[in-house]
Amino acid sequence: MNKTVFYLVALVFGTILSTNGQTTEKPNVIIIFTDDQGYQDVGCFGATDIDTPNLDQMAKDGIRLTDFYAAQAVCSASRAALLTGCYPNRIGIHSALMPNSKKGLNSSETTLAEMLKERGYKTGIFGKWHLGDAPKFMPTNHGFDTYYGIPYSNDMWPNHPYQEKYNFDPLPLYENKTVIDTLTDQALLTTKITERSIDFIKDHKDAPFFLYVAHPQPHVPLYVSDKFKGKSKRGLYGDVIMEIDWSVGQILATLKEYNIDDNTLVIFTSDNGPWLSYGEHAGSAYPLREGKGTALEGGQREPCIIYYPGKIQPGRTINTPMMNIDILPTIAEITGASLPKNVIDGKSVWDLWTGAATNSPHEAYFFYYHVNELHGVRYKNWKLYFPHKYRTLNGKSGGKNGLPVNYEYNTMTKIELYDLSKDISETTNIAAQNPEVIEKIKVLADKMRAELGDALTNQTGQKNREAGKVEE
């Protein structure tokens, strides 16, 4: 039987197992989510100075999504979108939550972990949480059975170069609800997260599990273990990515060791684009425009690889736009889980992954930033930006230890429109030549503003929900 026939049979068999879009199977689910990784920081996405053999092989054995977006180009908001299937402004999560924040993910929201627990899954998170560090907001109160990691970004500690401004407390390392250590050195953190993830797989290999590996790297400050120090052609940053690639390889090897790789969906992507920095601290969003903290392509378009042996035909590249809000409903379809009772924004893209469809289930994607500012819209191959301010280094160097503190702010004074199929770097504004496209996108934007609002036009959304709050 040749490969094409095999995968057709597998897909038909999967359809037979399904009833009303829900399958009787319970595949394991693993999401590997990095922090501030650039679009070009993986070999199969164009990196020539960082070796990523495990991710490259994962792409060969799976599918590569070239037009995959984070829902917002900043830590907390992006993670909220991934775990709830919602635009982050719908659920009141904006930007990056600081330590001791009075806000966090509302208990009324249903996370991926909670959704899968209802299907009998064991659930674990290893790495960075960043959806509120008050006890009521922590992972074990949002559906995760097991938690090992840090509650927010790895630079929120006393070693921050601008500690005199922030006055951060020591960085806690959690085991479930207990602080087991405070970190003064993060060199072994990627290794420990990997080891804990492997132990979780071994402990639950005979029952369906959801494993969320949320690496704190390559967010600065960059740390790497001795086994990868000095190995990359791109300095410390490249070393860090090579260790993450090693981690992916260890996880995939464990699945094969226990013969569960053919019943495990693995997703690799990042929360947003790279720091706008320089030198050995720099990720690369090339050929995309700008980076973290902007709705421009370099801020929100991410490398994404999907691995699901026997269920999706391998070696394919998919250019149809998708976003991390689509992960939850797609997993719901694959696992037969019930969608959250609350309204969500994501839609299943399973048919795109399998090749059964080529068109997006979304008419458009909406790029909010800051507190409910609608900066841009992706419609088919078009990307439109409304006038707004965005941060940039304009080619200047970063601050201490590569931190991008020397931002300037550019202002878009008029609508900008790009055809990403011809101009992925967004170099040529073609708004004047395409008035009909602009009018179409404006209609879609106005419809979304009526629902979620837009601070730039002083419109209040009618269907936003609040973040959770700590009672005073």
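This report describes the overall build, the nonpolar cores, one enclosed helix and several single residues of a predicted model.

**Overall build**

The protein chain contains 11 helices and 23 strands. A compact globule of 472 residues would have a radius of gyration near 23 Å, and the 21 Å of this chain agrees with that. Along the principal axes, the C-alpha trace spans about 55 × 50 × 50 Å.

Of the 472 residues, 60% count as buried. The surface that the chain exposes comes to about 18,500 Å², and carbon and sulfur atoms supply 49% of this area. Contacts can also be sorted by separation along the sequence. Among those between residues at least 6 apart, 70% join residues at least 24 apart. The chain carries 48 positive and 55 negative charges, and the mean positions of these two sets are 3 Å apart.

**The nonpolar cores**

In soluble globular proteins, nonpolar side chains tend to be buried together. In this model, the largest nonpolar core has 83 residues. The residues with the most contacts inside this core are Ile 31, Leu 112, Phe 210, Tyr 212, Ile 331 and Trp 353. Helix α11, which covers residues 435-452, gives the core its largest share, 7 residues. Apart from this core lies another one, of 49 residues, and its members include Ile 50, Leu 173, Phe 200 and Met 242.

What does Trp 353 touch, leaving out residues up to four places away in sequence? Its partners include Ile 63, Leu 65, Leu 265 and Ile 267, and also Ile 306, Ile 312, Ile 318, Ile 327 and Ile 334. Met 322, Thr 330 and Arg 316 are touched by Trp 353 as well.

**Helix α3**

Helix α3 has 10 residues, and 10 of the 10 are buried, so the helix is largely enclosed by the rest of the structure. The buried residues run from Cys 75 to Thr 84 and include Ser 76, Ser 78, Arg 79 and Leu 82. Which elements cover them? The cover includes the strands β3 (28-34), β6 (122-128) and β10, together with the helices α4 (112-117) and α9 (327-335). Gly 85 follows α3 and has a positive phi, near 75°.

**Positive phi outside glycine**

Two residues other than glycine also have a positive phi: Asn 100 and His 370. Asn 100 is in the loop between α3 (75-84) and β5 (103-104). His 370 is in the loop between β15 (365-369) and β16 (373-379). The table sets out their values.

| Residue | Phi | Relative accessible area | Class |
|---|---|---|---|
| Asn 100 | near 65° | 54% | exposed |
| His 370 | near 55° | 33% | partly exposed |

Why do the two fall into separate classes? Exposed means over 50% relative accessible area, and buried means under 20%, with partly exposed in between. Asn 100 is exposed because its value is 54%, whereas His 370 counts as partly exposed because its value is 33%.

**The loop between β10 and α7, and its contacts**

The loop between β10 (209-214) and α7 (235-257) holds Pro 218, and Pro 221 lies in this loop too. A cis peptide bond joins Gln 217 and Pro 218, with omega about 5°. The peptide bond from Val 220 to Pro 221 is also cis, and its omega is near 5°.

Residues from other parts of the chain are in contact with residues of these two bonds. One of them is Asp 155, in the loop between β7 (146-150) and α5 (163-166). Is Asp 155 buried or exposed? With 10% relative accessibility, Asp 155 counts as buried. Leaving aside neighbours within four places in sequence, Asp 155 is in contact with Val 220 and Pro 221, and also with His 160, Phe 168 and His 219. Thr 269 is 114 residues from Asp 155 along the chain, and the C-alpha atoms of the two are separated by 21 Å.

Another is Thr 190, which is found in helix α6 (residues 189-203). Thr 190 counts as buried because its relative accessibility is 4%. Beyond its neighbours within four places in sequence, Thr 190 is in contact with Gln 217, His 215 and Glu 243.

Terms used. Residues are numbered from 1 along each chain as its sequence is written. This is a predicted model: local features need pLDDT of at least 70, side-chain atom pairs count only at pLDDT 80 or more; totals for chains, interfaces and linings use all residues. Side-chain values use heavy atoms; hydrogens and water are left out. A nonpolar core is a set of buried Ala, Val, Leu, Ile, Met, Phe, Trp, Tyr and Cys residues joined through side-chain atoms within 4.5 Å. Buried means under 20% relative accessible area, exposed over 50%, partly exposed in between (1.4 Å probe, protein chains only). Helices (H or I, at least four residues) and strands (E, at least two) are DSSP runs, numbered from the N terminus. Contact means heavy atoms within 4.5 Å. The radius of gyration is taken over C-alpha atoms; the globule rule is 2.2 Å times the number of residues to the power 0.38. Accessible areas come from the Shrake-Rupley method with a 1.4 Å probe; for residues, only the protein chains shown count as cover. Lys and Arg count as positive and Asp and Glu as negative; His and the chain ends are not counted. The place of a charge is taken as NZ of Lys, CZ of Arg, CG of Asp or CD of Glu.
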